[in-house]
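Student: I have a structure to read and do not know where to begin. Could you take me through a few of its features?

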Amino acid sequence: APADVPVRVNQLGYLPDGPKRATVISTATTPLVWQLRDGSGALAASGSTTARGADRASGQSTHLVDFGAYTGTGTGYTLVVDGRASHPFDISASLYDGLRSDSMSFFYQQRSGIAIDAALAGSAYAHPAGHLGVAPNKGDTSVPCQAGVCDYQLDVRGGWYDAGDQGKYVVNGGIATWEIVNSFERARRSGAEAALGDSTLRVPERGNGVPDVLDEARWELDFLLRMQVPEGKPQAGMAFHKMHDTKWTALPTRPELDAENRELHKPSTAATLNLAATAAQAARVYAPYDAAFAGRALTAAKRAWAAAKANPNVLAPATDNTGGGAYEDADVSDEFYWAAAELLATTGESQYRDAVTSSPQHTKPVDGFWWGGTASLGRITLATVPGVALPADDITRVRGLLTSAADTHLSTMSSQGYAVPIAADAYVWGSNSSVANNAMVLGVAYELTGAQRYRTGALESLDYLLGRNALDRSYVSGYGERASENQHHRFWAHQNDASLPHPPAGSFAGGPNAGLEDPIAKAQLTGCAPAACYVDDIGSYSTNEVAINWNASLAWLAAFAAERRST
Ligand code: 9MR
């Protein structure tokens, strides 16, 4: 990769009808001249920067470039300031088409229990099915419980591996699936679902008449349904919290060569409500394509809801993190709200409406959502799905909560040297997903209001993720001159074993984490400014892992950005 340069752009490029801003590192207190040069080097536009002074998140002094008045298109543009050129970038209406499909193809490649086909994924990425009980794999077709949790075995094959590890977690599978299905539901409302439709993705189900994005999400939904405790067993209707190896496996470990025992971990209220929410959403969205599946999903969602009501405080502990992540959660009021909202939007039944309106979450301001905080997923559904059985003024109020959160994100962005919708103290594990999730709220606000400033905010958040940032880095492999390529993964482990591939294009790194929570981060990043606490090393799982919940928000945003508009 080339060295970093002080003129920081979206290394993929810009949309002709989108914002075009860049950040320059400079301590100059007066404006600097900027020049936009086209692919032949000719001057396309020029102007002067605005000095912005010191930026806390990056620890850098910055200037702002705004070349949004330029309306040309082409490839190989550079932005030149003070004799220094940015990396080359495109200006094109089709800018995000590739990322829209690659960020989804990530999920196919994370599939468990199916051979990854060279014809679909590329020969470097093909591998035999993992975890179908074929030696040396132990699972996942008849998986026992941890000691004392149950006395039977369950077939929990399929689903997506969570991240760089090969665990499968209902909490986290839930938010990831919801975001992908929500992306389709949103696109359908805006009349753009064809771009996510049948034969748009490299998935084995292409050509089956079902939109490919829904085929992909179905792979995980079938796994989530398998994680439900069967009728006649203790805690029937609840969902097991997770299943994974009994010990952390080494790096690399090919999925089909994982020889560890796999175990089901005890059911939790949070997992049960993740199942209720996503199955209720699926019942609504899949109904036109597969009525039988939609019906099965609704039955499972209702069973899960009833089981969660009967077991409202079975909490997954933070200590259960050997061989897999804990995905602990001590407050499930947000999961109750999310599940009630999905069930209400799908069924209109008064029991779910009452659960929504009596929830403490119903009047709270919109907070950033993540795997442990899912209330805003419910708010988005209530605010956007047509015909939700709530009084009109209540829906208007929920919409207002979302647009005021979006306004807060815009002011956070404009107060910083790099337009990031998170504050300087918010660079935690997976910070890139906080950026992408807040950008989703901006996208929702754009849908609700049509106000361009929200679309601008969503697109500028992508600028941050794709290179306009403290490190001059694109966090998405294959997209940008200085893109991450060594994300933490047990199969895409080229950095450890040259016979294995790098992560495929469209793989999204967790991003800067000021907590320095792994040995590589501790050794290499001490003293970093928050937005610079990142290293593209396979060992840095706390800054450089991939994960399904993170790629799902990237896929949502890429689909949003790729939609053609006539502004
Ligand atoms: O995304 C999770 C992050 O919020 C937590 O701080 C972190 C530590 O518990 O775990 C992250 O999730 C990881 C999970 O536990 C195991 N699979 C990989 C996930 C991404 O790093």
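**Reading a helix and its surroundings**

Tutor: This is a predicted model. Begin with the contacts around one helix: what covers the buried residues of α12 includes β3 (21-25), α10 (392-414), α11 (431-449) and α15 (548-562).

Student: How many residues of α12 are buried?

Tutor: A residue counts as buried if 20 or more other C-beta atoms lie within 10 Å of its own. Eleven of the 14 residues of α12 pass, so the helix is largely enclosed by the rest of the structure. Among them are Y454, R455, E460 and D463.

Student: What span does α12 reach from its first C-alpha to its last?

Tutor: A helix is expected to span 1.5 Å a residue. α12 covers residues 452-465 and reaches 20 Å, close to the 20 Å expected. After α12 comes G467, with a positive phi near 140 degrees.

Student: How compact is the whole chain?

Tutor: Take the secondary structure beforehand: 15 helices and 15 strands. The radius of gyration is 23 Å, close to the 24 Å that the globule rule gives for 567 residues, so the chain is as compact as a globular protein of that length. Buried residues make up 56% of the chain.

Student: Which residues surround the ligand?

Tutor: The ligand is surrounded by D162, A163, D165, G167, G325, A326, W429, G430, Y541, E545 and A547. By character, this shell divides into five nonpolar, three polar and three charged residues.

Technical notes: Residues numbered from 1 in each chain as written. Predicted model: local features only at pLDDT ≥ 70, side-chain atom pairs only at ≥ 80, totals over all residues. Helix = DSSP H or I, 4+ residues; strand = E, 2+ residues; numbered from the N terminus. Rg over C-alpha atoms; globule rule 2.2 N^0.38 Å. Buried ≥ 20, exposed ≤ 12 C-beta atoms within 10 Å, placed from the backbone. Near = placed C-beta within 6 Å. Nonpolar A, V, L, I, M, F, W, Y, C, P; charged D, E, K, R; others polar. Expected span 1.5 Å × (residues − 1). Contact = placed C-beta atoms within 7 Å.
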